[in-house]
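Subject: Structure handover

Hi,

Here is the structure I promised to pass on. Have a look at it first, and my notes follow underneath.

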Amino acid sequence: MENLFQVAIDGPAAAGKSTVAKIAAKKLGFVYIDTGAMYRSLTFKALSENVNLNDSHQLKQLLDRTEIQLVHDELGQKVYVDGEDVTERIRYPDVTKQVSLVSSYEEVRTEMVARQRKLAESCSVVMDGRDIGTHVLPNAQVKIFLIASVDERAVRRYREEELKGRHPSMESLRAAIALRDKKDMEREVSPLVKAEDAIALDTTSLSIEEVVSQILHYVKEKQLS
Ligand SMILES: Nc1ncnc2c1ncn2[C@@H]1O[C@H](COP(=O)(O)OP(=O)(O)OP(=O)(O)O)[C@@H](O)[C@H]1O
Ligand SMILES: Nc1ccn([C@@H]2O[C@H](COP(=O)(O)O)[C@@H](O)[C@H]2O)c(=O)n1
């Protein structure tokens, strides 16, 4: 289909990908696709059904009988697994801790990528994840690789946790972020890496509004060229 526009946003954990992708998509009138939520959904279901997370074949079979829906309304994104609202549940620490293992398997990724490409088939999208610019949407017109220092990312997560009434130590947040990045960068299949043609955007000292404005600038520039 002609005239479809794709914005790919990749980067390490807690760099701000989903926050800015959501706002940019809304401002552009594009659909926002949170691919991390899809891997989290499968991890949640595998944990709920006691599936062996070291068995990629079992995980793929589970995925084949799992419906994952990303639904958007005025209040934001909701995630449904087989019709159950798991929006909050997939952010719990047990899922976050295991999701990099589940996402490391080729069988799982092949199916997820097929689903993600299908979602982007008929509409303009802002898609965020780890392999969007390198693998899922290699022809995306705008590719952003969002980074921020690990200390800043830990602070951002801390503030988020504080709002939910939780007070984890800064060091535990920092360690969890660094460990997840390491696993995502070192896996064999589609590791987290900047696409050659992606724009690196360091958000360490940028506000959310400034990051969104930069992304919109790159999109407008491309649309006019
Ligand atoms: N530029 C920014 N300045 C300050 N805080 C930010 C900025 N961007 C995002 N945040 C905050 O940082 C936290 C993490 O952002 P977000 O969840 O969007 O990151 P992410 O890259 O999607 O993370 P993950 O990959 O782990 O899901 C959120 O609380 C968000 O509000
Ligand atoms: N395209 C993607 C997106 C995500 N992952 C894996 O899922 C984890 C959770 O992602 P969040 O963005 O929701 O934090 C992430 O740590 C990766 O292991 C992926 O592999 N590819």
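**What I found**

UniProt, in an unreviewed entry, places the feature "domain: Cytidylate kinase" at residues 7-220. UniProt positions are given in the numbering used here, feature names are shortened, and such annotations may be inferred rather than shown by experiment.

Some housekeeping before the details. This is a predicted model, in which local features need pLDDT of at least 70 and side-chain atom pairs count only at pLDDT 80 or more, while totals for chains, interfaces and linings use all residues. Residues are numbered from 1 along each chain as its sequence is written, and chains are lettered from A and ligands numbered from 1 in the order in which they are written.

**Overall picture**

The chain has nine helices and eight strands. Here helices (H or I, at least four residues) and strands (E, at least two) are DSSP runs, numbered from the N terminus. Over residues 7-220, helix makes up 50% and strand 17%, and the end C-alpha atoms of that span lie 11 Å apart.

As for dimensions, the C-alpha trace spans about 50 × 45 × 35 Å along its principal axes. A compact globule with 225 residues would have a radius of gyration near 17 Å, and the chain agrees with its 17 Å. (That radius is taken over C-alpha atoms, and the globule rule is 2.2 Å times the number of residues to the power 0.38.)

Buried residues make up 37% of the 225 residues in the chain. A residue is buried if 20 or more other C-beta atoms lie within 10 Å of its own, exposed if 12 or fewer, and partly exposed in between, with C-beta atoms placed from the backbone.

**The sheet and its strand β1**

Five strands form an open sheet with parallel pairing, in the order β2-β6-β1-β7-β8. Two strands pair if DSSP finds at least two bridges between them. The edge strands, β2 (31-34) and β8 (199-202), each pair on one side only. On average, neighbouring strands of this sheet are turned by 20° against each other, direction ignored. (For the angles, axes are lines fitted to C-alpha atoms, for helices over the stretch in contact, and values run from 0 to 180 degrees between N-to-C directions.)

What about β1 itself? Five of the five residues of this strand (residues 6-10) are buried, so β1 is largely enclosed by the rest of the structure. Gln6, Ala8 and Asp10 point one way from β1, and Val7 and Ile9 point the other way.

β1 runs parallel to β6 (residues 125-129), and five bridges join the two. There, Ile9 stands opposite Asp128. With β7 (residues 142-147), β1 pairs over four bridges, again in the parallel sense. In β7, Ala8 has Lys143 opposite, and Asp10 has Phe145 as its bridge partner.

**The two ligands**

Which residues are closest to ligand 1? They are Gly16, Lys17, Ser18, Thr19 and Arg156, out of 16 that surround the ligand. Two or more residues of this shell come from each of α1 (17-28), α7 (150-163) and α9 (208-224). α1 gives the largest share, three residues. By type, the shell around ligand 1 divides into six nonpolar, seven polar and three charged residues.

Being near a molecule or strand means that a residue's C-beta atom, placed from the backbone, lies within 6 Å of it. Ala, Val, Leu, Ile, Met, Phe, Trp, Tyr, Cys and Pro count as nonpolar, Asp, Glu, Lys and Arg as charged, and the others, Gly among them, as polar.

Ligand 2 is surrounded by 15 residues, and the closest are Gly36, Tyr39, Ser103, Gly129 and Arg130. The elements that give two or more residues to this shell are α2 (35-48), α4 (93-102) and α8 (170-186). The largest share, five residues, comes from α2. The shell around ligand 2 holds five nonpolar, five polar and five charged residues.

**A few single residues**

Ala154 sits in helix α7 and is buried, with 23 other C-beta atoms within 10 Å. Ala154 and Arg40 are 114 residues apart in sequence, and their C-alpha atoms are 20 Å apart in space.

Two residues other than glycine caught my eye for positive phi: Asp82, near 50°, and Ser190, about 40°. Is each one buried or exposed? Asp82, in the loop between β4 (76-81) and β5 (84-85), is exposed, with 12 other C-beta atoms within 10 Å. Ser190, in the loop between α8 and β8, counts as buried, with 21 C-beta neighbours inside 10 Å.

Cheers
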